[in-house]
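Work through the exercises below with the sequence and the model side by side. Try each task before reading its solution.

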Amino acid sequence: MNFTNLIKVALNAIANNKFRSFLSMLGIIIGVAAVIIMMAIGQGSKESVRANISQMGTNIIMVRPGADMRGGVRQDPSAMQTLKVEDYKSIQDEAKFITYVSPEVSSSGQCIYGANNTSTSIYGESTDYLSIKQWTVEDGSMFTDEDIKKSAKVCVIGKTVVDELFPNGADPIGKTIRFKSIPFRVIGVLKSKGYNSFGMDQDNLIIAPYTTVMKRIQAQTYLSNINCSAITEEMTEEAIAELTSILRANHKLKDDADDDFTIHSQQEMMETMTSTMDTITIILVVAAAFSLLVAGIGIMNIMLVSVTERTKEIGLRMSVGARSIDISNQFLIESIMISITGGVLGVCVGYVGTMVCSGLFHLPTSIPMWSIVVSFIVCTIIGVGFGYFPARKAAMMDPIEAIRYE
Amino acid sequence: MENEKRKTVIELDNVRRDFKVGSETVHALRGVSFKIHEGEFVTIMGTSGSGKSTLLNQLGCLDTPTSGEYYLDGISVRTMSKSQRARLRNRKIGFVFQNYNLLAKTTAVENVELPLMYNSEYNAKQRREAAVKALEAVGLANRLDHKSNQMSGGQMQRVAIARALVNNPAVILADEATGNLDTRTSFEVLVLFQKLYAEGRTIIFVTHNPEIAQYSSRNIVLRDGKIREDTMNRNILSAAEALAQLPLPQDD
């Protein structure tokens, strides 16, 4: 029997048993829809994390004091004091793969203006900081190298701080606010950046010259960390190697000694985050894929019943000249058509379901094209795989017995 | 005999068929030999257990002999594979069964097209034309698109006969083709078979009803797997006359 006739026969058989065919399709529909929704949520979250991180700058490198002891024992407090201003200066002078570098000293506390107060953090930085973070000043201006040299009590503040301290919309530029009772004159307001993907408010901060924060607030001689940006994202590796050698030389570390600082790149963080998202996606998709397996078994079950029920038809077809291969093709095509039709409907349901998910639960979603392609391939495989046994059972029938079957 | 000049359609030469039932061997056919020529209307009779069904399966190429030779239209069937026999059935044999065996929820014309679906030499258009022609030949030209569940027993059996004719077979094999029908409808079907006989078709009609033998040209009687009688019928009765003499049904 040729292919067109096979399709025609399969369509007839499905049409003659509409409700039963729909029920066996239902499993496939639910399975495919579940896989697509899970993939869409996984992919969507991954893309949104990526977008957030790259918004922060993908070429950022952070140097922190102390050896890399993630999850290890608590370190001697002196180990956290290894980064000095001299390290910053040498990086600024010597590093070729670094465009911008900013030392960082930070402190959290209360900030007051008039009768209003808010809890925020102050970051002591150099003028490069905004370039590293790719932030811009919306009103007023950033402090200058001159301010740093003089440890001037000036600052640039984020939108949240403005909203908290100047609730009636007064212009904050030129006003003097107090952080831990030290007065700072506001000279600029940062452009709002909203929340980052970790749920942190990126507008709740004060940026001041690092010299000012070191001397007037913290009274410390070491740095909390150093932020740098590599000349390009691709040069991150080289930049890290260069930073390591500069800092080791500065700290006079022997060749066999461990680093007394840790370097992280944004790229590394992004990889960690996306691989976590990948793992979650895989777990979700595997769970959904099991429902496809169950659906396949459902199809096999229905096909086996259908073969037994149609024994007489099989006997007749064999008597009038159908070969075993014709019979097995007929049932295979039927199960493939059930599973592919189910797959198509499943993709549609999955698409609608994804829209509903992102609408109702505000989940970031994105349906990857390949997930649709994969669904089709999987459906065909299910159709062939679970249709094979029933088709074989039909093809192996003896026409003499089949035609007399009651 | 007059038939000797005609072409031999079926030739059985000492055909035996044994079945293993547990540890015993059952000899269903114990050396059957005969020839059937083109244009004969042969009834094969026998009681149950006589080997009638086994012989029918042999003639229909659904089974192969344990020993002996069977030639259908000059082709030896014994050594053929399953799919070769399927092809041979498709081209050379038309089956008519006792319980019609039409596809459910399927129109008359689609039922008749079925054998041609397995013949790649026919395209959809030729298939349809051949099916319509066969249905016209059995007097169902006005029932082409009726589904099998919308027809009476006699109509269904006529569709089945049309299906047996559609591939223009070398032989039509009828298995108790009137067994499920009332007397009147049985005669209507017999009239149709006699018409086909008159057109020169070769018909083998397996039955246990001795009456039918009177309407055929030759009668073979089987008993215990052997041929007991093989007689020519010089005085073939007309089924049409018999039908006319039947009392009219009370209501129709």
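**Exercise 1: a long helix in chain A**

Helix 9 of chain A (residues 266-309) has 44 residues and spans 64 Å from its first C-alpha to its last, close to the 64 Å expected at 1.5 Å a residue. The expected span is 1.5 Å times one less than the number of residues. Helices (H or I, at least four residues) and strands (E, at least two) are DSSP runs, numbered from the N terminus. This is a predicted model: local features need pLDDT of at least 70, side-chain atom pairs count only at pLDDT 80 or more, and totals for chains, interfaces and linings use all residues. Residues are numbered from 1 along each chain as its sequence is written, while chains are lettered from A and ligands numbered from 1 in the order in which they are written.

Task: find which residues of helix 9 of chain A are buried, and what covers them.

Solution. Step 1: apply the cut-offs. A residue is buried if 20 or more other C-beta atoms, placed from the backbone, lie within 10 Å of its own. Step 2: list the hits. Among them are Gln266(A), Thr281(A), Ala288(A), Leu292(A), Ile299(A) and Val307(A). Step 3: look for the cover. It includes helix 2 (18-55), helix 11 (324-361) and helix 12 (369-395) of chain A.

**Exercise 2: the open sheet of chain B**

Task: state the strand order of the four-stranded open sheet in chain B, and find its edges.

Solution. Step 1: pair the strands. Two strands pair if DSSP finds at least two bridges between them. Step 2: read the order. It is 2-1-4-5, with antiparallel pairing. Step 3: find the edges. Strand 2 (24-37) and strand 5 (75-76) of chain B each have a single partner strand, so one side of each lacks a neighbour in the sheet. Step 4: check one pairing. Two bridges join strand 4 (residues 67-72) of chain B to strand 5 of chain B. Leu72(B) stands opposite Ile75(B) there.

**Exercise 3: where chain B touches chain A**

Task: count the residues in contact and say which helix of chain B supplies the largest share on its side.

Solution. Step 1: define contact. C-beta atoms, placed from the backbone, must lie within 7 Å. Step 2: count. 19 residues of chain B are in contact with 18 residues of chain A. Step 3: assign them. Helix 2 (82-92) and helix 3 (108-117) of chain B each supply at least two residues of chain B's side. The largest share, six residues, comes from helix 2 of chain B.

Technical notes:
Two residues are in contact if their C-beta atoms, placed from the backbone, lie within 7 Å. A residue is buried if 20 or more other C-beta atoms lie within 10 Å of its own, exposed if 12 or fewer, and partly exposed in between; C-beta atoms are placed from the backbone.
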